[in-house]
Amino acid sequence: ASARGQVAIPIEASYGVVGLACARDGKSLFATGMTGLFGDSFTAQWDVESGKKIRDIPGQFLSRLFTTPDGRYLFGSEFKIGNLFDVPYFNTLQVDLSSGATIRTFRQLQIGAMSSDGRRIALMGQGRKGLALVDVQTGAQLWQVSDRGVDGVAFTPDGRHLLTSHSEYHGALGSSMTISVTLRDASTGFPVKELLRYDEPSTFLASDKDNAQIKFLLAAPDGS
């Protein structure tokens, strides 16, 4: 059942919905549902008015989803475990929505943000791989900075800057952390200034570290 003016979309995801993006025309949305503890998931496009599934989208995504303003591409990141002694990582896929085919894979980079014009995507690498900016149409990497690891990223509304969050570990096994947010020049990736810095004194457990990180950033519409 649905309330007046609302439509219930039956997404059968045993472990919750982990990614969601609305088409720019507002007529459909894309959702990723997690069906297993080890990266099993599905992504589909749904009609907003009827709540019916339009089609399945290829990829085992486990992160945020982004669609370009023209509705041509969808971006999402797959979680990869690899072999027994490998460090888990993300691959970001670029899906052509007209054909349903994956046209590019950005290896060991996780989707972070898309510029408002849909022309650039910011991808986060693990550890010191830092941050990369990619041209959506060509797939060319415009720059990559590896001065520090990045936990979250967002474009400013005018596309001229990026906000990035970082976590630095201290003590035995990272028993404490320093969290910071930096403003970066979107044309080079270089830092402009640090906006925020504070300490988290007790992050010994992995769950403590995960909860302390700032993974989602959003710039105010007026760019302040």
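In this predicted model, Glu-78 and Lys-80 form a salt bridge in which the closest N and O atoms are 3.5 Å apart. The two partners differ in their surroundings: Glu-78 is buried, because its relative accessible area of 12% falls under the 20% limit. Lys-80, on the other hand, counts as partly exposed at 31% relative accessibility. As general background to such contacts, side chains of opposite charge can pair when their charged atoms come close.

The Glu-78 pair has company, for the count of salt bridges comes to four. Another of these joins Asp-56 to Lys-53, with 3.0 Å between the closest N and O atoms. Here the acidic partner, Asp-56, is exposed, because its relative accessible area of 51% is over the 50% mark. Lys-53, with a relative accessibility of 46%, counts as partly exposed.

A further salt bridge leads into a sheet. Arg-197 pairs with Glu-168, and the closest N and O atoms of these two residues are 3.4 Å apart. Arg-197 belongs to strand 16, whereas Glu-168 sits in strand 14 (residues 161–170), so this contact ties together parts that are 29 residues apart in sequence. Both ends of the pair can be reached in part: Arg-197 is partly exposed, with a relative accessible area of 44%, and Glu-168 is also partly exposed, with a value of 28%. The pair does not stand by itself, since salt bridges that share partners join Glu-168, Glu-194 and Arg-197 into one network.

The sheet that holds these strands can now be described. It is an open sheet of four strands, arranged in the order 13-14-15-16 and paired in the antiparallel sense. Its edges are formed by strand 13 (152–155) and strand 16 (191–200); each has a single partner strand, so one side of each is left without a neighbour in the sheet. From one strand to the next, the twist averages 15°.

What is the partner of strand 15, and over how many bridges do the two pair? Strand 15 (residues 176–185) pairs with strand 16 over eight bridges, in the antiparallel sense. Within the sheet, Met-177 stands opposite Glu-200 of strand 16.

Strand 16 thus appears in several parts of this account: as an edge of the sheet, as the antiparallel partner of strand 15, and as the strand in which Arg-197 lies.

Note on methods: Residues numbered from 1 in each chain as written. Predicted model: local features only at pLDDT ≥ 70, side-chain atom pairs only at ≥ 80, totals over all residues. Heavy atoms only, no water. Pairing = 2+ DSSP bridges. Axes fitted to C-alpha atoms, helices over the stretch in contact; angles between N-to-C directions. Salt bridge = Lys/Arg side-chain N within 4 Å of Asp/Glu carboxyl O. Buried < 20%, exposed > 50% of the residue type's maximum accessible area, 1.4 Å probe, protein only.
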